Amino acid sequence: ASGTMGNLIALGCHCSGRGEEVICGKDSHIFFYEQGGASSLMGIVLNTVQNQPDGTLDLDEVAKVIKPNDPHFAVAKVLALENTSNKLGGLVLPLEYMEKAGDFCERHGLKMHVDGARLWNAAVALKVPIAQLARRADSVNVCLSKGLGAPVGSILVGSKEYILKARRLRKAVGGGLRQVG
């Protein structure tokens with residue numbers, strides 16, 4: 001499947017239905033380059049926060065956009081981070097930031113999804129194993145053609161239960177791909 005489909009499925013698995021919210025960067029691939037698929041196909045509200053000059057999201061600003069539990073508001077379910085940031089020239093989110101974001105998500109009851117299309121590049125730049133960068137994430141979407149040089153494909157990573165749910169959703173959006181070899 002493609003990276004866009006991987007992100008779509010990732011968010012669809014974390015959100016149980018329409019009117020739930022994913023908080024992401026205004027310059028994130030999920031918001032800027034994926035045609036609003038999370039909204040149009042999954043009924044997910046994308047709530048954006050301005051990316052900082054280093055590619056991070058100010059977690060205090062993220063906290064401000066989390067709405068109270070009220071029937072009038074979409075319920076925040078996911079913080080989506082991109083590492084590295086495509087639109088911002090490949091900025092790498094530091095390991096310390098990923099840890100802080102993980103703590104933040106735990107405090108606020110959010111899942112953390114990492115759009116890690118170029119996560120291998122980030123791991124090389126930071127000189128840390130990719131597993132260390134993804135340690136706090138509930139799901140990670142990695143691209144095999146970026147950084148690894150494979151001809152095609154992306155992989156969604158998460159718990160066994162999560163991946164079983166993701167496989168069902170992938171099939172529902174046409175991602176079976178039986179005939180590819």
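Is Gly90 buried, exposed or partly exposed? At 32% relative accessibility, Gly90 counts as partly exposed, where buried means under 20% relative accessible area, exposed over 50%, and partly exposed in between, with a 1.4 Å probe and protein chains only.

Before going on, I should say that this is a predicted model, in which local features need pLDDT of at least 70 and side-chain atom pairs count only at pLDDT 80 or more, while totals for chains, interfaces and linings use all residues. Residues are numbered from 1 along each chain as its sequence is written, and side-chain values use heavy atoms, with hydrogens and water left out.

Let me stay with the loop that holds Gly90, which runs between S3 and H5; helices (H or I, at least four residues) and strands (E, at least two) are DSSP runs numbered from the N terminus. Leaving aside neighbours within four places in sequence, Gly90 is in contact with Thr84 and Ser85, contact meaning heavy atoms within 4.5 Å. Ser85 lies in the loop between S3 and H5 and is buried, with a relative accessible area of 3%; with the same neighbours left out, Ser85 is in contact with Gly90 and Leu91. Thr84 also has its place in the loop between S3 and H5, and the peptide bond leading from Asn83 to Thr84 is cis, with omega near 5°. As for a longer separation, Gly90 and Leu126 are 36 residues apart in sequence and 13 Å apart in space, C-alpha to C-alpha.

Now to the interior. In soluble globular proteins, nonpolar side chains tend to be buried together. Here the largest nonpolar core has 27 residues, and those with the most contacts inside it are Val62, Leu79, Leu81, Tyr97 and Leu133; by a nonpolar core I mean a set of buried Ala, Val, Leu, Ile, Met, Phe, Trp, Tyr and Cys residues joined through side-chain atoms within 4.5 Å. Two or more residues come from each of helix H4 (59-65), strand S3 (75-82), helix H5 (95-108), strand S4 (111-116), helix H6 (119-126), helix H7 (130-134) and strand S5 (139-143), and H5 gives the most, with six residues. There is also a second, separate core of 21 residues, which includes Met5, Ile30, Tyr162 and Ala166.

What does Val62 touch, leaving aside its neighbours within four places in sequence? Val62 is in contact with Ile23, Val49, Leu57, Leu79 and Phe104. Asp60, by contrast with the buried residues, is in helix H4 and counts as exposed, at 57% relative accessibility, and its C-alpha atom is separated from that of Phe104, 44 residues apart along the chain, by 9.5 Å.

H5 itself can be checked against a simple expectation, namely 1.5 Å times one less than the number of residues in the helix: its 14 residues should span 20 Å, and the end C-alpha atoms are 20 Å apart, which agrees. Leu95, Tyr97, Met98, Ala101, Gly102, Phe104 and Cys105 are buried in H5, and what covers the buried residues of this helix includes H4, S3, S4, H6 and H7. Just after H5, Gly109 takes a positive phi of about 65°.

Two residues other than glycine also have positive phi. Gln35, with phi near 55°, is in the loop between helix H2 (29-32) and helix H3 (37-42) and is exposed, with a relative accessible area of 77%. Lys127, with phi of about 60°, is found in the loop between H6 and H7 and counts as exposed at 74% relative accessibility.

Finally, the helix pair. Helix H1 (residues 3-14) and helix H8 (residues 160-172) pack at an angle of about 120°, with their axes 9 Å apart; axes are lines fitted to C-alpha atoms, for helices over the stretch in contact, and angles run from 0 to 180 degrees between N-to-C directions. H1 and H8 are therefore oblique to each other, since angles under 35 degrees count as roughly parallel, over 145 as roughly antiparallel, 65 to 115 as roughly perpendicular and the rest as oblique. The contact is made by Met5, Ile9, Ala10, Gly12, Cys13 and His14 of H1 and Tyr162, Lys165, Ala166, Leu169 and Arg170 of H8. Ten of the twelve residues of H1 are buried, so this helix is largely enclosed by the rest of the structure.
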